[in-house]
Amino acid sequence: MLKQVSVYAENSKGTFQNITSLLMQEGINILGSVTSNSSEFGVIRMIVSDTAKALDILQANDYLCRSTHIIGVEMADKVGSLNTLLLELLHGNINVDYTYLCFNRETGMPVIILHTEDIFEVENHLKTKGFAVQ
């Protein structure tokens, strides 16, 4: 089971760069990320090389953040792969809160990151259906 760091930060110039600078100074690698924003605040979701250390350094610098369990599903880089995964989730009556893409650094394969309501149940469901869950 993967964990991500979610940072809730002011939507202002330089905020994301400050966050990445703090992580860089501590030797923490960002393996995947996605950002979403509103007019005043944004959410930065990241998979990092050391979740606990990232949380500590960001919280020490007054960022509101937390860690969340997520599912990573490695899949072939071909037409229809994402559709196949989403169709299986639909058949399992599983709602997906959000997704984003990163890559397995060892294999070069795409990894779809998913967040759902019952993350552990969904992970087991996907494993039984033959998906490569990380």
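**Figure 1. A salt bridge between Lys127 and Glu123 in helix H4.** In this predicted model, Lys127 pairs with Glu123 through a salt bridge, and their closest N and O atoms are 3.9 Å apart. Why do these two residues sit about one helical turn from each other? Lys127 and Glu123 are four residues apart in helix H4, so about one helical turn separates them. The partners are covered to differing degrees, as their accessibilities show. Glu123 is buried because its relative accessibility is 9%, under the 20% cut-off. Lys127, in contrast, has a relative accessibility of 45% and therefore counts as partly exposed. If you go looking for further examples, note that a search of the whole structure finds one salt bridge.

**Figure 2. A negatively charged surface patch that includes Glu121.** Here we stay with helix H4, which covers residues 119–128 and contains Glu121. Which residues gather with Glu121 in a patch of negative charge on the surface? The other members are Asp97, Glu117 and Asp118. Glu121 itself counts as exposed because its relative accessibility is 54%, and exposed means over 50%.

**Figure 3. Two loop residues with positive phi, Asp62 and Asn93.** Take a look at the backbone in this pair of close-ups. Asp62 is not a glycine, yet its phi is positive, at about 65 degrees. Where is Asp62 found? The residue belongs to the loop that links helix H2 (51–60) with strand S4 (64–74). Is Asp62 buried or exposed? Its relative accessibility is 74%, so Asp62 counts as exposed.

Asn93 makes a good companion view. This residue is not a glycine either, and its phi is positive at about 60 degrees. Asn93 lies in the loop between H3 and S5. With a relative accessible area of 73%, Asn93 is exposed.

**Figure 4. Leu90 in helix H3.** Just along the chain is Leu90, which is part of helix H3, residues 81–91. Is Leu90 buried or exposed? The relative accessible area of Leu90 is 61%, so this leucine is exposed. For a sense of scale, follow the chain to Asn37: Leu90 and Asn37 are 53 residues apart along the chain, and 27 Å separates their C-alpha atoms.

**Figure 5. Cys102 in strand S5.** Strand S5 spans residues 96–103, and Cys102 is one of its residues. Cys102 is buried because its relative accessible area is 9%, a value under 20%. How many ångströms lie between the C-alpha atoms of Cys102 and Gly27? The spacing is 20 Å, for two residues that are 75 apart in sequence.

**Figure 6. Val43 in strand S3 and His69 in strand S4.** Two further strand residues are shown here. Val43 sits in strand S3, which runs over residues 41–48. A relative accessibility of 16% means that Val43 counts as buried. From Val43 to Gly130 the C-alpha spacing is 32 Å, with their positions 87 residues apart in sequence.

His69 has its place in strand S4. Why does His69 count as partly exposed? Its relative accessible area is 30%, which lies in between the limits of 20% for buried and 50% for exposed. The C-alpha atoms of His69 and Asn18 are 25 Å apart in space, while the two residues are 51 apart in sequence.

**Figure 7. The whole chain, for orientation.** To place the close-ups, it helps to step back to the full fold. The protein has four helices and seven strands. Read from the N terminus, these elements follow the order β-α-β-β-α-β-α-β-β-α-β. Of the 134 residues, 41% are buried. Taken along the principal axes, the C-alpha atoms fill a box of roughly 45 × 30 × 25 Å. How does the radius of gyration fit with a compact globule? For 134 residues a compact globule would have a value near 14 Å, and the protein has 16 Å, which agrees.

How values were computed: Residues are numbered from 1 along each chain as its sequence is written. This is a predicted model: local features need pLDDT of at least 70, side-chain atom pairs count only at pLDDT 80 or more; totals for chains, interfaces and linings use all residues. Side-chain values use heavy atoms; hydrogens and water are left out. Patches are made of residues with over 30% relative accessible area and no salt bridge: like charges are joined within 9 Å, nonpolar side chains (Val, Leu, Ile, Met, Phe, Trp, Tyr) within 5 Å. Accessible areas come from the Shrake-Rupley method with a 1.4 Å probe; for residues, only the protein chains shown count as cover. A salt bridge is a side-chain nitrogen of Lys or Arg within 4 Å of a carboxyl oxygen of Asp or Glu. Lys and Arg count as positive and Asp and Glu as negative; His and the chain ends are not counted. The place of a charge is taken as NZ of Lys, CZ of Arg, CG of Asp or CD of Glu. Buried means under 20% relative accessible area, exposed over 50%, partly exposed in between (1.4 Å probe, protein chains only). The radius of gyration is taken over C-alpha atoms; the globule rule is 2.2 Å times the number of residues to the power 0.38.
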